Structures are given as structure tokens and as C-alpha cells.
Amino acid sequence: MWDRWWEWALRPRMMVLMTVLLLVSAYGHLTNNAFLQMYDPGWGVLLLAGIPLLFGGIEYLVKEKELTSWLLVGIALVACVALGEVFAATEVAWIMAFGEWLEGRTVQRARRGLEQILAQTPAQGRRINDAGETEMVAAEEIRVGDRLSVHPGETIPADGVVLTGATAVDEAMLTGESLPVDKRDGSEVFGGTVNGFGAIEMRATKVGADASMQRLVRLVREAENEQAPVQRTVDRWVRYLVPTAIALALIVFALNFWWGTPLTEAIYRTVTVLIVFCPCALALSTPTAIVAAIGQATKAGVIIKSGAALEVMGRIDTLALDKTGTITTGELAVTDVLPLRDDVPAQEVLALAAAAEEQSEHPLGKAILHKAQAVGVTLPEHTDFVMTGGRGVRVRLTDGSVLYAGSERYLAQEGIDIAPTVEATLNELRSNGKIAVLVAQADQLIGVVAFADTVRAQMPAVTAALQRARLTPVMLTGDNTQTAQFVGATVGIDEVHARLLPEDKVAYIAAQQKAGRRVAMVGDGVNDAAALKRADVGIAIGGTAGDMAIEAADIILPGSDMTRLPYLARLSQKTLRTIHINLAIALSLNILGVILSLFGWLTPVTGAIVHNAGSIIVSLHAIWLYETKILTGVREADAGPTCSALSRDIIRG
């Protein structure tokens, strides 16, 4: 009941009314107006703001057996009225209400990130019925499998796949990507993102709570509601500080009585201690900073599931990264085509390899075909495709010769000799982190096609930025040692652990934690889920992460912009600093207020101002965290060559 009364009193119109009543009361006291002093309008302020403070505090004491700051202020108001200082009580009640109102406005501003997400949540969409007619329906009525029409400039109502049409979609709110993403037949689109210039038809695949935007809203809300460890500690302090305030007030009264201070003045000083030592600013120090930081992260496209994860991230000293799909794109690309015979040029080697792999579903085969299409080579006609699982393929050309493409072991089984010079070439490719496919025709080797998992272009600069943020990057991968060492050297990671199974990654993280280090794990696949859970903070790369990795992670980085990693590190560290500064401000003001009250240098009115000043300062400090631009720390000068450049992505003749 009293909570609702207090919320009602803090409405803008009621705040205006209380301000008018306070000003009229002040006028009456300043002019000694007998009528206004007899019928003091300040009682209206006490009715609106003072009563819920007093009785709300009493109700909480009776029901929860706990002292609150409301009760402290309520006792102070009763004491002021008992001493005949109705105007002082009026001022204190108004200042408390105004401070709470202003504090609420600042916290609301810090929550703007969530509000922006909610504004993007689709409310309706155009559904195409069985007759081919379009009808506007509420987003809640859309079901999986429904055909939808999306016009230019409209919000996409559900997750789905484009059936017809081409457009560019603004996915900034969901993934943080600043540029619109091109979409065409077969492209995946997400509810809550904004369609650009083209009209499309799509089929809904995820709706309601399963849709990407709703999942984002749910995660951000959960993050704001879950307390950080430091907040739980502060809450324990607050529970002790309220009875401490009462004890200090009694001590101040006893000291002043012993010093011979007049009884009325001693009570004034005691009341001032009750007001000034209320731990409101202390209670606000952590949640306002956490809410502001989560809002700041949401603007940048980073999803933080809990305040606890954000706080722990600020203490991380070791960042373990999976290789495939995290440091690299997870997509194999042809990097070298090496002829082994003078009479067969590189273009022909690529054409023959593509012909052999044309019907293959293997990722290496698809990469060869993609390269051949990009270069524009013509594939020779062939028949009799035969695949030996995990080893290689063969086809028969129109001239009757057999064409092979596969591993060393496969070609050796087919009776094809591999010269020592070819072995040396293969070893050199492996030392550079590459995979090789041998191509042979008529029982003779004619060339080698090499592949590499492309390193993300940003990673060298990202690694350097992480190191400047005092984090130690470590690579954990199941790949062979040569490939892992090569990729590590490419991106600037010195500590590399290769040939690790999922349980080995968990064991490494556990060992580091036992040694006293705080470890964050960055991964994208099902095989990373256990390590993400075991780490102090799990970070999933949303652009490539599977559902299991996303569920296991504490923080999600949608899209493929890896500069968000150093951004996240800097944001979390800055959040911790903000919390610590807020706590220092709150405690310092409380201690200073008690000292000033002891000697009568603060009155109940000025004490209320100091009390609310602390709450407003910590709230504004949190707003500054939300509004300030957190730099990633990534420098262009740190950017190294991409894997393609390192691998000389050309066809060498």
C-alpha cells in the first residue's frame, strides 16, 4: 500500500503540487503570514510524501523484521514536527521525494538501451493467406510456416527465410553491424530488424519467445534483474548500516548531552544523523552502474546475460580463445594451386581438381569448386564419379584417363608414387597451417591444391588491444600443433595449446583457476559448451555460435566483429571502476555527514540535501558511463596481414 502511495506521490503532477505547497509554506514563514502559519500548506507535503515514508518503514519492520532508510527518515520527520519545526519537516520530505524522483529519472535514462530494444520489437506483420491475399495481423498471431510480406522500411515481424525478393536489412540493433546486410532468396532474416529498399516475401521459422529479438529482450531483462556479487555484498552492508545509523544517532545525542548542548539542539543533531546516514546512495552505487553498462553494451551489440558476468569480466586476466570460428572464420578457402609438371599450368590443375570434386559434398571439394568459379576456369567433361569417404575422389575423363583428387594415403593406395620433393612441399604447406589435396591424372601427380581456414582480418589488432587491456590471450584448439602455432603467430598469441579435446579445454581452464587466475573462454561450437560453462565468464561468438554455445555462455557477441572483445574488456573494467568510485562517494558523504552533524554544522534540511546529493551523484556517474564512448583500443597499425595474404592467395604457375 505505502509503496503505491509513494509511487503516486512521485508522479510529475504531484511533484509540481508539492513544490507549490512548499513554496507557499516558505513564503508564509518568511513573511510571518499568520494565516499561512496557522494553515501551513507544508502539511500537504507531509501528507503526500512524509506519511508513506514513516508508515512504509514501520510496515517493513513489522513484516520483514528489518530496519530501512524509510523508517529513519520517518523518525526524523516525527521528531521535527514534535519540536514544532513543521517547515523543516516539510523541506526534508520534499527533498526526499524530489531526490527519489530525480534518481528515478537518471536510472530510467541508464535503462535506455533496453527501451531501444523494446521499441524495435515488431507489433504486427503482413501475412499472406492461402488465397494469396495479404492481411495485417498482430505479431503474436504469426505462426511458424506462415508466408509474410515485408515492404520497404517495415520492421521484419519474425525470424525466417527469404522466399522471393532482394533487399538490404538494418541489423544494427541485433548484431551491432553498422552497414545494412544484403538479403536474397534463401537468406536468413531476423524479427525486429528493419527492411531496407526492397520488398520481400519470407517464411517464418521462429516466432514469439523463440524469435531473436524476444530472446535479446529476455536476456537483457534477466541481466538487469540478476545482482552482481558486489551488489549482494553492498546489500548486506545496507542491512547493517541502518541499525548503525540509529546507534550513531544515539551516540551523537549522548555526546551533545554530555557536552551541555541544549536539549532541542541535541535532538536536532540526532535527527540530522538519522537523515544524513541513510544508505540510499550506497544501495544505488552498484545497480545503477550495472544497468548503465548493460545499456551501453546493448547499444554496441553485446548481450550480457547478468550483472554478475559483467563484474567478473572486469576482473578477468586470461582470455582463452577457440581457433576455428573464433580466431578464424571457420570457412576453408583455396590459398595455393601448385603445378608439379611443367606441361600442366596452374589453371589446368585447378580445372581438373574442380572436375574431380564437382559432385562431392566435402567442404574441401566445395572450396575447390568455389575457387574455380571465381577464377572462371572451364571444367572438362567427366563420368564415373567415385568417392572414398574421408580420403578422396576419382572420375574418368572423356579421353579415358582417370583423374584423382585426395590425400597422400589415398593416392598411395591407388598406386601413385609421391616423390620426396612433393613430400617437402606438403611439409612446408603444413608448417604454414594449411591442408593439401593432391591431384593426379593417369597415375602421375600433376599438382597440389592448398587450403587454409581464413584468419579474421581484425584478430592481430584485437589481440594487441586485449594485451593493452592487461589480458593474456591463449589459444585452445583441437587442430594439429603446426597449424595452431602458425595461426597463433599470425595473430600475436604466444601461448598456444593444440590437439585438445573438449574435456582437455575444461581441464586447462580448471588448472588456471586453481592457480589463482580468472579465465574467460571465447568459443562458438558445441565442443566449446563445456569450456564456456567451466570458465569464470563464457563468451559466445553469435555470428557462428550454435544454440548450445549460446545457452552455455554468459555473454554473447552477435555478428563477426571481433573488436567487441576488447570493447567488452574495457567496458567491464570501467564498470568496476565506476562501482568503486560510487561506493567511495557514498561512504565518504555518510561519514562526513555524521561528523558535521555531531558539531551542529548540518541541520535536518541541509542533511537531507547532502543525503540526496549522494544518490544523485552516483546516479549521474552511472549516466556518464552509459553516455561515454568506450573505445575498443584497436589500432590500425596493429593489424597484421590476413591469412589470405600470408598464404599468397593466388594461382601460381
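**Close-up views of the predicted model**

Of the 653 residues in the protein chain, 51% count as buried. The model is predicted.

**View 1. Whole protein chain.** The secondary structure of the protein chain amounts to 26 helices and 23 strands. Among contacts in the protein chain with a separation of 6 or more, 70% are between residues 24 or more positions apart. The protein chain exposes about 29100 Å², and 56% of this area is supplied by carbon and sulfur atoms.

**View 2. Strand β9 and its pairing with β3 and β4.** Strand β9 (residues 200-206) runs antiparallel to strand β3 (residues 147-150), and four bridges join the two. Within this pairing, R147 stands opposite R203 of β9. Strand β4 (residues 159-164) is also antiparallel to β9, to which five bridges join it. Here the bridge partner of T164 is E201 in β9.

**View 3. Helix α18, its length and its buried side.** Helix α18 covers residues 420-431. Its twelve residues should span 16 Å at 1.5 Å a residue, and the end C-alpha atoms are 16 Å apart, which agrees. V422, L426 and L429 are the buried residues of α18. These residues lie on the same side of α18, because they cover an arc of only 60 degrees around the axis. P420 and T421, on the other side of α18, are exposed.

**View 4. Surroundings of α18.** The buried residues of α18 pack against two strands that come later in the chain, β16 (435-441) and β17 (444-455), and also against β12 (328-339) and α17 (408-413). Just after α18 comes G433, which takes a positive phi of about 75 degrees.

**View 5. Helix α19, a mostly covered helix.** In helix α19 (residues 459-468), eight of the ten residues are buried. The buried residues are M459, P460, A461, V462, T463, A464, A465 and L466. R470 follows α19 and has a positive phi, near 65 degrees.

**View 6. Packing partners of α19.** The buried residues of α19 pack against three strands, β11 (318-322), β17 and β18 (472-476). They also pack against the helices α14 (323-327), α20 (481-491) and α24 (564-598). Strand β17 is thus listed for both helices: the buried residues of α18 pack against β17, and the buried residues of α19 pack against β17 as well.

Key. Residues numbered from 1 in each chain as written. Predicted model: local features only at pLDDT ≥ 70, side-chain atom pairs only at ≥ 80, totals over all residues. Heavy atoms only, no water. Buried < 20%, exposed > 50% of the residue type's maximum accessible area, 1.4 Å probe, protein only. Contact = heavy atoms within 4.5 Å. Areas by Shrake-Rupley, 256 points an atom, 1.4 Å probe, with all protein chains shown as cover. Pairing = 2+ DSSP bridges. Expected span 1.5 Å × (residues − 1). Arc of directions from axis to C-beta.
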